[in-house]
Amino acid sequence: MLKKKMLRDIRKNLSQFITIFLMVFIGVMAYAGIESYMDGMEKTANKYYQENNLQDLNVMGANFTEEDLKEIKKIENVKDAERKLTLNGTTDGDRTLLLSFIETNNISKFYVFEGEGFNPESEGVWIDKYYADENNYKIGDEITIKYDKIELKEKVKGIVNIPDHVYDVKDSSEIYPDHKEFGVAYLSINELPEYFRIFNNVMVDVDNKDKKDEVKNKIEEKVENAIAVTNIEDGASYTSYQGEIDEGKTYIGVFSGLFLFIAMLSVITTMTRVVKKQRVQIGTLKALGFKKSKILLHYIGYGFWISLVASLAGLVGGYYLIGNFFISMEMAFFEMPNGAPSMNISSYIMAVLVVLTVSFITYLTCRKILKENAAETLRSKLPNVKNNSLNITTRGIFKKLGFSSKWNIRDIVRNKMRTFMGIAGVTGCAMLIVCAFGMFDSMNYFIELQFEKLYNFNYKLVLNENISKENLNKIEEKYGANTSKTLGIEIKNGDIKEANNVFVTDANELIRFVNKDGEFTEVNSDEGIYVTYKLAETKGYKMGDEISWHIYGDNKYYTSKIIGFNKDPQNQNVTMTRKYLESLGVEYKPDSLYTNQDLKDVKEIENVELIQDKNALKDGMENMLQTMRKMIILIIVIAILLGAIIIYNLGILSYTEKQYQFATLKVLGFKDKKIRKIFTEQNNWIAIISIIIGIPLGYYLTDWLFKTAIEEHYDFGASIKMITYVIAGVGTFIVSYVVSKILARKVKNIDMVTSLKGNE
Amino acid sequence: MEKIVEIKKLTKSYKVGENEFNALDNIDLSLNKGEFIVILGPSGAGKSTLLNLIGGMDTPSKGDILIDGENISKYNEKQLNDYRAENIGFIFQFYNILPTLTVLENVELVRDIVKNPIDSKEALKGVGLEKHKNKFPSQLSGGEQQRVSIARAIAKNPKLLLCDEPTGALDSKTGVEVLKLLRKQCDGNEGANTVIIVTHNSLIAEIADTVVHVKNGKIESVTSNEHPKRIDEVGW
Ligand SMILES: Nc1ncnc2c1ncn2[C@@H]1O[C@H](COP(=O)(O)OP(=O)(O)O)[C@@H](O)[C@H]1O
Ligand SMILES: [Mg+2]
């Protein structure tokens, strides 16, 4: 019988129950989806690295011999090692190919999509899948590969992914990989002419990861040809992928947590109201002689079953909708096969917690009503209004308020919990919108600062290390003498020596500097050094402090006085003028030259290693923002959805509660319009209060996200435009306003006769 | 005598599942202005339905209702609203006062609706509640709460005061107090005010000028008391 009642009750309160369902569903879905995305990133990579045997160490050198390889393989804990020659080649259409020539392929083994695996005897080339896709290469197509004077015509043997090329870009100035213009190609070393078969890299697989450092030291010790040994975890491919996971965990953890919080807020209010509405029925059941425990179980059942079904649906939806969406977005960026979300144990725990919380809240509300005696529950038609809590509203300025305001103030005081939930929910909504747009603003601000203010040049020429004085003069004559040099230094800070670098500027106005507020400031005194604000802050440097430092590779120490500060979004370092450096007796030999000449069609300049186009750098940054934009839109949509549901949900509850009073007003002769105004007034107040609270909180959230998620050498926080606040404020208000308008339409349909008969 | 209410061939039907059910079935009725009228009948007879139709809270299925010569059965929603605001005072069994407004504020409400209300404090004095004026409804007894709703209805100075089981939730002593107040409203204002009370309690009928007997959605009879009893004479 009670089961029947439950089903009928659910049908009668369908909109509330649908809301609860949706809220739990969306909340769990957002949480589980994002968790499964992050976890999927990690698991996909681990599996791939494991199965395809990613190397642990890279040994760099000029020419590794057969003996070197044997020597490395003999070292304790080394499982296997392979030699490799890597070069930057070109191919059809002047595209860049990162070439690797190998002997065997047991380490960093190909994942083959099409064609065959590696075979040293096989003539041909293996290319990465995205490059093949972008350029429409099929198995059997012929590619021309050029390096220096060597030209190879090769058939495509396989379309593959390679574990240590998950992320590769043409040069460090490019952030977003352009798979059409840049690809990875593997060939057998036998393809090269005999005289060219040298190896500049050895990949080492270690059998015990804890012994990595030991192995590293041993290689450095024993193999003369080894110039440097690096951990795979320090390589660009590995770190960019891992960085994505680490960054995502902060950003996304906060957002999904907030979603879940807001969702739970309104579930709790709704459930509370549904049970409270049953007050008389609870009394009746009790009067009929139902056991307390039975009544409790009956009502807990409401919350339990609904949230259970919704949580399960949320888990499934999170995995398939959100998880898949993000993973496929990431996998367009990183080259890794079989990207799939992975359900995390924490999602299950969260789902269980949600179900328990909803059930527990139902239990608490119900128990409170059960504690009263049945007669009391049945008798009191009028909700009990405690005099003292409303007393102040009968005096002073409140006396002068209109009926509508008076009534709303008292309603708020009486329903503190509901009001609080409403404010919390709408605040969260406003916060999310500010934060989502604010992240975007801040990134734009950063790009603007870096590329418009600080970089006042069009091209940066990276000069050859060994450029002669005459050649430098020639370049300076042609492109202008605006140069800089970056020196690796060590700063003595007490007993500790810390690595840093010093930027020596002779770039005149082509490199500019800004103060804390982004206003231009001069770095032109030849009396000392300038440090960035963040460096000064973390190290406790004050104006006028003296710093002791030396250049790497030279043990002579210099003592310099801090004479100014500058803000740099990307590097926390020391800056000085050329003259100051020279006054210390150090020779100034520039490594970069800046120019505003148009070098669009210039491909190569003698003695210049690299021509960097500022706008290409900027485009790279903006491309990255493109990915962010998608995420931001998703966040905003969910925020508005949640905000709207919360407002609607709380609105409908407050409406049902007041329906009886509205009917009375209507009978008295109040016009619908006026009743509607009374009703919407409260929601508008809540929206305004929430916006006032939410906007600054949104700023702090954005700032916090930037400060915690971003590596130490960056210096940027939230920088949000006024218009963003306005949009967030107005947007939130409009959502609230529209929803309460929709709700207020119900006033027209109040059936006075029925409303006054039933006293629910 | 001048008629305040004239009802012609009035039917109100409800759909109950597949069937139509007539709560009021083709009734005719006219009531005099300035009288104290009781509509009497067993539970479910259709009394409340009739009262709600007269008060413009509901619209008839068929037939006409003329109030002071105006046919309100043709009114649209908005006209009905104005009609209620200007002419009608309602009193219900369950008081229907707003729990978050004080006693005085509940009465002052009507200032937002009618142009020339009776002073709220006067109205409260009339029902003997002036000393409770700053209390909230939940701090009052049932009889006192009903008196608030009477004060509120009276403050509008309505042509027609409609009361649905006004004493239904009260003990007899407080019930008598309430009836006295209603009678007073009818007797004052030089016969311009009409009071209609719906009840299933036949004792109350003895104090009425006119008694309308309703049964199964029909008017059984309309009787006039030449000499209605004084309220104190009615033995409860
Ligand atoms: N909204 C409704 N839907 C269906 N039947 C109704 C409705 N309102 C009243 N009735 C029926 O109409 C009849 C008259 O009701 P009512 O006028 O409230 O009786 P009473 O004389 O007790 O006040 C009753 O049988 C009742 O069940
Ligand atoms: Mg009735």
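## Ligand 1 and its polar contacts

A polar contact is a pair of N or O atoms within 3.5 Å. With that cut-off in hand, the surroundings of ligand 1 can be read in this predicted model. An oxygen atom of ligand 1 lies 2.7 Å from a polar backbone atom of B:Gly44, a distance that falls within 3.5 Å. Two side chains of chain B also take part: an N or O atom in the side chain of B:Ser48 is 2.6 Å from an oxygen atom of ligand 1, and an N or O atom in the side chain of B:Thr49 is 2.5 Å from an oxygen atom of the ligand. The protein covers 68% of the 550 Å² of accessible area that ligand 1 has on its own.

## The shell around the ligand

How many residues surround ligand 1? There are 12 of them, and the closest are B:Gly44, B:Gly46, B:Lys47, B:Ser48 and B:Thr49. Although these closest residues belong to chain B, the residues that surround ligand 1 come from chains A and B, and the site is therefore shared between chains.

By residue type, the shell divides into 5 nonpolar, 5 polar and 2 charged residues. Helix α1 of chain B gives the largest share of the shell, 3 residues.

## Where chain A meets chain B

The contact between the two chains takes 28 residues from chain A and 31 residues from chain B. Together, chain A and chain B bury about 2800 Å² between them, and 61% of this buried area is on carbon and sulfur atoms.

Charged and polar pairs are also found across this interface. There are 4 salt bridges between chain A and chain B, and one salt bridge joins A:Lys406 to B:Glu105, with the closest N and O atoms 3.4 Å apart. In addition, 7 residue pairs are in polar contact across the interface, counting pairs in which both residues are at pLDDT 80 or more. On the side of chain A that touches chain B, the elements that give two or more residues are α11 (387-391), α13 (403-414), α18 (614-668) and α21 (752-757). Of these, α18 of chain A supplies the largest share, 7 residues. The residues on this side of chain A divide into 14 nonpolar, 7 polar and 7 charged.

## A salt bridge inside chain A

Over all chains, the structure holds 34 salt bridges. One pair within chain A is A:Glu103 with A:Arg83, whose closest N and O atoms are 2.9 Å apart. Because A:Glu103 lies in the loop between β3 (95-102) and β4 (111-115) of chain A, while A:Arg83 lies in strand β2 (residues 78-91) of chain A, the pair ties together parts that are 20 residues apart in sequence.

## Two asparagines with positive phi

The backbone angle phi is worth checking at two asparagines, one in each chain. At A:Asn53, phi is near 55°, a positive value in a residue other than glycine, and A:Asn53 is placed in the loop between α2 (14-51) and β1 (57-61) of chain A. At B:Asn157, phi is near 50°, again a positive value in a residue other than glycine, and the place of B:Asn157 is in the loop between α5 (142-155) and β7 (160-164) of chain B.

Definitions and conventions. Residues numbered from 1 in each chain as written. Chains lettered and ligands numbered in written order. Predicted model: local features only at pLDDT ≥ 70, side-chain atom pairs only at ≥ 80, totals over all residues. Heavy atoms only, no water. Near = heavy atom within 4 Å. Polar contact = N/O pair within 3.5 Å; in protein donor to acceptor, adjacent residues only side chain to side chain. Areas by Shrake-Rupley, 256 points an atom, 1.4 Å probe, with all protein chains shown as cover. Helix = DSSP H or I, 4+ residues; strand = E, 2+ residues; numbered from the N terminus. Nonpolar A, V, L, I, M, F, W, Y, C, P; charged D, E, K, R; others polar. Contact = heavy atoms within 4.5 Å. Buried area = accessible area lost by both parts, 1.4 Å probe. Salt bridge = Lys/Arg side-chain N within 4 Å of Asp/Glu carboxyl O.
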